[in-house]
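Got your viewer open and ready? Let's take a walk through this model, one selection at a time.

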Amino acid sequence: MFDSGELQAMSDEGLIDALRRAHGAAAFAQAAEVLAVRELYRRQQDAEEGTVGPRGGEFAATEAALAVQISEQVAAALIDIGLALDALPRTREAFASGRIDLARTQVIADNTREVPPEILADLEQTLIEAAVRSTPARLRQTARRWVAKLDPEGERRRRERREQDRDIRIKAVQDGMAVFEGLLPAAGAQTVAMRLREMSRQVCEEDPRTMPQRRADALVALSDGSGRLPCSCGRGADCPVRAADASPRRPLIQIGIPAGTLLTGRDHPAFLAGYGPLDAGLARRIAEQAQFQVIPERTDDPSITEEALRREPPAWLDREIRALDGCCRFPGCTMPAAECEIDHIEPFDVARPGRGGPTVMANLITLCAHHRRLKSLADNGRLPWRVHRGEGDRLHWTSPTGDRHVTVREGARYLFPHTDTEAPDLDWPSPTAVSEPPHPATIDLTYPLEHALAHRPLSAVPPEDRP
Ligand SMILES: [Zn+2]
Ligand SMILES: [Zn+2]
């Protein structure tokens, strides 16, 4: 496609454009692969119908897997996605034309699998539009929120059925290691994840381990009963956290529940920070043992007082910003707001308070440490990103080459469902029937691309792996 000289001669904009076209071409090729294996499956299925031999395309995945040397599970996953596309003509078209890639197509296929056709017609187009401007992780959250809103009863029943599959297992791999994996209800999984994160921070700053390594050690420490991750700095008695007792516990998980769901039995989904939507029934059940903070919906900004001239927001404002944003405001980042820092959109002027951006609701956002650093470098002109406020709660991010991305207050879309104006709004008479899943529910389809970055400066360390 490009020889290296050609790439080196490109402008930054040209290079980003080439990257985008290459991604589209890869998506186009992925679609061809999916449609080809799906067709292979159809032929074998038709040919074998009614015979006593192999049943219903049983060995199509085996044959496809051998042809291109991929695992049979991956081949089966590709066939499965191809089958789902039969009911999703517009997604199929967007995929085949390279507009959305395999990862996004898979999210749409997974999340519409049991949606009644009456809803699907409207939902599909909206999802494709969301797919074009979201990462797969964010698209998954949005898709689940909309499905939960349109079909709350179906969502509850799918969740209850899926809870039956919960499991934790270990599997030996080479080099004296074992894989520890499992399937947990989302709130429980998030509790474990946040507890490991909390323990990973109990060590002093000279601990040489990475966050992934600390998380792994923390799980063992949790299980051996010590409940505390010993520091590995090797400083013995000089380690400042050696004798420290546990600092006061913060809540491990945060869930935003709309008042209507909690108090009046409405069925709008709740938001589990770091994960995405929870159906109303589950949210009410968790709420029975929760501590509450009430977040009022504000149409004006009541915070223009002398507090606006202080750098740190007052506690009530800190709490409300975190609840409204729900997660880091950088496009695609899903770091829970509780783990983020509060930052000013228009930077606060420490030297001359009142001249820079004020500490008021409209000028505050949550950012994870990584993206806060990006914004701060950009604010100081050291990095050519640009950030500015748009209409309402929209925050515009412009990349060095001019790509635009918009994020909104994700948590507020759950707390105040009527503000989720992009959601398809259908007059759908729930409840609906929930069909049996077409494949065993324990098989989770994953994007068949697993690759550990060997080149460190790439910095593709996900936010949860940063201290
Ligand atoms: Zn230490
Ligand atoms: Zn972030």
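What follows is a series of stops, each with something to select and something to look for.

**Getting your bearings**

This is a predicted model, in which local features need pLDDT of at least 70 and side-chain atom pairs count only at pLDDT 80 or more, while totals for chains, interfaces and linings use all residues. Residues are numbered from 1 along each chain as its sequence is written, and chains are lettered from A and ligands numbered from 1 in the order in which they are written.

Start with the whole chain in cartoon view: there are 16 helices and ten strands. Helices (H or I, at least four residues) and strands (E, at least two) are DSSP runs, numbered from the N terminus. Of the 467 residues, 31% are buried. Here "buried" means that 20 or more other C-beta atoms lie within 10 Å of a residue's own, "exposed" means 12 or fewer, and "partly exposed" is in between, with C-beta atoms placed from the backbone. Contacts (C-beta atoms, placed from the backbone, within 7 Å) often span the chain: among those between residues at least 6 apart in sequence, 63% join residues at least 24 apart.

**Stop 1: the largest nonpolar core**

Select Val37, Ala75, Leu78, Ile79, Ile81, Ile108 and Ala143. Among the 36 residues of the largest nonpolar core, these touch the most other members. A nonpolar core is a set of buried Ala, Val, Leu, Ile, Met, Phe, Trp, Tyr and Cys residues joined through C-beta atoms within 7 Å. Which helix gives the largest share of this core? That's H4, with eight residues. Helices supplying at least two residues each include H2 (12-48), H4 (72-85) and H8 (136-150). Now zoom in on Ile79: leaving out residues up to four places away in sequence, Ile79 touches Val37, Arg38, Tyr41, Ala60 and Ala61.

Another core, of 33 residues, lies apart from this one; select Met194, Ile257, Cys333 and Cys368 to see some of its members.

**Stop 2: two helix pairs**

Show H5 and H7 together. Their axes come within 9 Å and cross at roughly 25°. Axes are lines fitted to C-alpha atoms, for helices over the stretch in contact, and angles run from 0 to 180 degrees between N-to-C directions. H5 is therefore roughly parallel to H7. Angles under 35 degrees count as roughly parallel, over 145 as roughly antiparallel, 65 to 115 as roughly perpendicular and the rest as oblique. Arg90, Thr91 and Ala94 of H5 meet Glu124, Gln125 and Ile128 of H7.

Next, pick H10 (residues 186-200) and H11 (residues 211-223), whose axes come within 8 Å and cross at roughly 105°. So H10 is roughly perpendicular to H11. Residues making the contact include Leu196 and Met199 of H10, and Ala218 and Leu222 of H11. By class, this contact has seven nonpolar, one polar and three charged residues. Ala, Val, Leu, Ile, Met, Phe, Trp, Tyr, Cys and Pro count as nonpolar, Asp, Glu, Lys and Arg as charged, and the others, Gly among them, as polar.

**Stop 3: Ala187 and a sheet**

Stay on H10 and click Ala187. Is Ala187 buried or partly exposed? Ala187 is partly exposed, with 18 other C-beta atoms within 10 Å. Leaving aside neighbours within four places in sequence, Ala187 is in contact with Ile253, Leu272, Leu278 and Ile286. Leu278 is 91 residues away along the chain, yet the two C-alpha atoms are separated by 8.5 Å.

Now select S3, S4 and S5, an open antiparallel sheet in the order S3-S4-S5. Strands pair if DSSP finds at least two bridges between them. S3 and S5 (276-278) are the edge strands, each pairing on one side only. Ile255 has Leu272 in S4 as its bridge partner.

**Stop 4: S6, S7 and H14**

Select S7 (residues 364-367). Leu364 and Thr366 on one side, and Ile365 and Leu367 on the other, are all buried. S6 (residues 341-344) pairs with S7 in the antiparallel sense over four bridges, and His344 has Leu364 as its partner in S7.

Add H14 (residues 315-325), whose buried residues are Glu320, Ile321, Arg322, Ala323, Leu324 and Asp325. Their cover includes S3, S6, S7 and H16 (410-415). Just after H14, look for Gly326, with a positive phi of about 80°.

**Last stop: one more sheet**

Finish with S8, S9 and S10, an open antiparallel sheet in that order. S8 (386-389) and S10 (404-407) are its edges. Four bridges join S9 (residues 395-398) to S10, and His396 stands opposite Val406 in S10.

Definitions and conventions. Contact = placed C-beta atoms within 7 Å.
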